[in-house]
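This report walks through selected features of one protein model and its ligand. The ligand site is taken up before the rest of the chain.

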Amino acid sequence: MKLYGSLTSPYVRKARALIREKNLACEFVVADAWAADSPIPALNPLGKVPVLALDNGEVLFDSPVIVEYLDTLKAPALLPASGAARWETLRWQALADGMLDAAVSRLLESRRPAEQQSAENIRRQEEKIARSIEYTERCLGQGPWLMENRFSLADLVMAVALEYIDFRYPHDWRGRHARLAPWLAGVSARPSLIGTRPPGMEKK
Ligand SMILES: N[C@@H](CCC(=O)N[C@@H](CS)C(=O)NCC(=O)O)C(=O)O
């Protein structure tokens, strides 16, 4: 099994961290989706990473599909198999992915030539991120995990999203969300997250 992706993509990091959590055998192939000679469009018509190439020749994309597949390979499952806990976990993943989409969109907009940038688009993306951080803190219980009494996919994907926001859209969200900050510090201290931190990302 081979996972294709870049060291900085947070969508790829979700899969890389899960592979470490579950101690799966998977080769990591560094591939830049934007490069002219990238192998990615031949594997994924959308031209995006991550891509997971299975030993039987099948190829999986995108990150929610890949993490769900990887989670089935070895117990214990980080995504509950059924019931309310499953939908809740998938909703956390949808929120985390949406936060990443907003942070990426904001970053790409801010990298356009100044006269072509849309301040309105940047503001909309920042509002999505602010509301999502607020929502996450509101849902956080007293324990160290987002769901039930154990570490789950919800914690992993939300930690990846918040650390990516620190990396690409640094701002003082901790000042207004005093409970979320220690929660993130706890989850991001896991070896799976330390070992997949992008080059240049500092520990908060
Ligand atoms: N929804 C996709 C998003 C993946 C994504 O946007 N990856 C970026 C890297 S961070 C990419 O490959 N971009 C290349 C492109 O958009 O052409 C997923 O969850 O896998």
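In this predicted model, the ligand is surrounded by Ser9, Tyr11, Ala33, Trp34, Gly47, Lys48, Val49, Pro50, Asp62, Ser63 and Pro64. Three of these surrounding residues, Val49, Asp62 and Ser63, are listed below with the distances that link them to oxygen or nitrogen atoms of the ligand.

| Ligand atom | Protein partner | Distance |
|---|---|---|
| oxygen atom | valine 49, polar backbone atom | 2.9 Å |
| nitrogen atom | aspartate 62, N or O atom in the side chain | 3.1 Å |
| oxygen atom | serine 63, N or O atom in the side chain | 2.6 Å |

Taken alone, the ligand exposes 510 Å², and the protein buries 78% of that area.

Two of the residues around the ligand also take part in cis peptide bonds. Most residues other than glycine have a negative phi, and most peptide bonds are trans. Against that background, the bond from valine 49 to proline 50 is cis, with omega near 10°, and proline 50 itself is placed in the loop between H2 and strand S3 (51–53). A second cis peptide bond joins phenylalanine 61 and aspartate 62, here with omega about -10°; aspartate 62 has its place in the loop between strand S4 (59–60) and helix H3 (63–72).

Alanine 33, another of the residues that surround the ligand, lies in the loop between strand S2 (27–30) and helix H2 (40–43). Leaving out residues up to four places away in sequence, alanine 33 touches Ser38, Ile40, Gly47, Lys48 and Val49, and of these contacts Gly47, Lys48 and Val49 also belong to the surroundings of the ligand. By contrast, alanine 178, which is 145 residues from alanine 33 in sequence, is 37 Å from it in space, C-alpha to C-alpha.

The backbone has a further feature at asparagine 23, where phi is positive, at about 55°, although the residue is not a glycine. Asparagine 23 is found in the loop between helix H1 (10–22) and S2, and this residue counts as exposed because its relative accessible area is 60%, where exposed means over 50%.

Turning to the helices, which parts of the chain does glutamine 93 touch? Glutamine 93 is found in helix H4 (residues 83–110) and, not counting residues up to four places away in sequence, touches Lys14, Ser63, Pro64, Val67, Leu153 and Val157. Among these partners, Ser63 and Pro64 are also found around the ligand. Glutamine 93 counts as buried because its relative accessibility is 3%, against a limit of under 20% for a buried residue.

The structure holds three aromatic pairs, two of which are described here. The rings of tryptophan 92 and tyrosine 135 have centres 5.8 Å apart and planes at 65°, so this pair is edge-to-face. Tryptophan 92 is in helix H4 and tyrosine 135 is in helix H5 (residues 119–139), 43 residues apart, and the pair therefore links distant parts of the chain. Tryptophan 92 is buried, with a relative accessible area of 3%, whereas tyrosine 135 is partly exposed, with a relative accessible area of 25%. Tyrosine 164 and phenylalanine 167 form an aromatic pair that is likewise edge-to-face, at 6.4 Å centre to centre and with 70° between the planes. Both of these residues lie in helix H6 (residues 153–168), three residues apart, which is about one turn of the helix, and tyrosine 164 and phenylalanine 167 are both buried.

Aromatic rings are also approached by arginine side chains. Arginine 190 lies over the face of phenylalanine 151, at 3.6 Å from the ring centre, while arginine 86 lies over the face of tryptophan 87, at 5.8 Å from the ring centre.

Finally, tyrosine 69 and lysine 128 add two partly exposed helical positions. Tyrosine 69 is found in helix H3 and has a relative accessible area of 28%, which makes it partly exposed. Apart from neighbours within four places in sequence, tyrosine 69 is in contact with Met1, Leu52, Leu54 and Leu60; leucine 52, one of these partners, is 17 residues away in sequence and 9.6 Å away in space, C-alpha to C-alpha. Lysine 128 is found in helix H5 and is partly exposed, with a relative accessible area of 31%. The C-alpha atoms of lysine 128 and isoleucine 66, which are 62 residues apart along the chain, are separated by 25 Å.

Methods. Residues are numbered from 1 along each chain as its sequence is written. This is a predicted model: local features need pLDDT of at least 70, side-chain atom pairs count only at pLDDT 80 or more; totals for chains, interfaces and linings use all residues. Side-chain values use heavy atoms; hydrogens and water are left out. Helices (H or I, at least four residues) and strands (E, at least two) are DSSP runs, numbered from the N terminus. Buried means under 20% relative accessible area, exposed over 50%, partly exposed in between (1.4 Å probe, protein chains only). Contact means heavy atoms within 4.5 Å. Rings of Phe, Tyr and Trp (its six-membered ring) pair if their centres lie within 6.5 Å; planes under 30 degrees apart count as stacked, over 60 as edge-to-face and the rest as tilted. A charge sits over a ring if NZ of Lys or CZ of Arg is within 6 Å of the ring centre and within 35 degrees of the ring normal. A residue is near a molecule or strand if one of its heavy atoms lies within 4 Å of it. A polar contact is a pair of N or O atoms within 3.5 Å; within protein, one must be able to donate a hydrogen and the other to accept it, and residues adjacent in sequence count only if both atoms are side-chain atoms. Accessible areas come from the Shrake-Rupley method with a 1.4 Å probe; for residues, only the protein chains shown count as cover.
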